[in-house]
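Here's a quick tour of one model, from a single residue out to its helix packing and cores. Have the viewer open as you read.

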Amino acid sequence: MTDIATRPADAVSPPPRGRRRRRPRLDVGGPRAGTIAAFLTPFFLPFVLFYLVPIGYALWQSFRVVRRSGGQYGTSYTTFGGFEQYVEVFQNHEFWSSIGRIGLFGIVQVPVMLFAALVMALLLDSPLLKLKGFFRITAFMPYAVPGVIAAIMWSYLYSPQLSPVVDLLNAIGLHPDFLGPSAVLWSAANVSTWLWTGYNMLIMFSALQSIPQELYEAARIDGAGNWTIAWRIKVPIIAPSIVMTTVFSIIGTLQLYSEPAVLRQISSNISSTFTPNMLAYTVAVGNNYQQAAAISVVIAVITFVLSFGFMRLTSKRAGL
């Protein structure tokens, strides 16, 4: 029998048409899928237990109400109440006062904080600034201080009985009242600005570090100075980072709690319903968990609408 290798090329019959050789399949099941699940479980398990489950529980509680059988002093029981809790939230004057107060806080504090962070990031990226490492650490250091500790520190500086700053200003003829009814909101805003400016600055500075140096060299060849390069080249390129920090700031504004809660200990001008989060906490402490859950859900929806709306608005303006 003649070996196939010794046959002429035209003597070897081609494979029949319509049939292709089967390629060997890779075994993608079994251990590989189990390995992926093993790596993802440490993330998904806490995510489900400590994020999705509390959200679902809050939603469920927000649709329930407490009833009493047998009159005012009868036995209480919890039942489904539909949107009754939400109706009470929207009819609550204190809720809308806290929303208006926090809205004013965000309109003023967020632009001031982000502008300061942007200027600091541009200065750190400028070739004119010396000792950049020292200034970068100094600007970022307040973020390492917990919010409650920072509020306690600033409370000492705001207190008329303890503050050396107040004593100095009184000595030169100024008589500030940092905890007065017209200033206490901005005192809390100052604490937040001091805490978070360095954090936002670091995000913007990291974005600036990713810009190719060739762009700056080409701009200088065309006669552009440092100011023109900063505002015509750097700022437009890092616009996505500015948008991201703005979204984070909007979310943080609606979550404001620590600063006014600490300042409340030394000022009678901060009530227990000063911010929406403080209102939800106060209602929950009063054993009205269903109402507190409804307030929390409304705050979450407002946060989502403002954040998503801002992102859509900036995307349209950028042509994305």
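**Around Thr78**

Where is the place of Thr78? Thr78 sits in strand β2, residues 75-80 (helices, H or I of at least four residues, and strands, E of at least two, are DSSP runs numbered from the N terminus). This is a predicted model, where local features need pLDDT of at least 70 and side-chain atom pairs pLDDT 80 or more, while totals for chains, interfaces and linings use all residues. Residues are numbered from 1 along each chain as its sequence is written, and side-chain values use heavy atoms, leaving out hydrogens and water.

Thr78 counts as partly exposed because its relative accessibility is 35% (buried is under 20%, exposed over 50%, partly exposed in between, with a 1.4 Å probe and protein chains only). Leaving aside residues up to four places away in sequence, Thr78 touches Arg64, Val65, Val66 and Gln290 (contact means heavy atoms within 4.5 Å).

**Two cores**

The largest nonpolar core has 22 residues, and Leu118, Met204 and Ile238 are among those with the most contacts inside it (such a core is a set of buried Ala, Val, Leu, Ile, Met, Phe, Trp, Tyr and Cys residues joined through side-chain atoms within 4.5 Å). Its largest share, eight residues, comes from α3. A second, separate core of 18 residues includes Ile102, Phe105, Leu179 and Leu263.

Back in the 22-residue core, what does Ile238 touch, not counting residues up to four places away in sequence? Ile238 touches Leu118, Met204, Ala207, Leu208 and Ile211.
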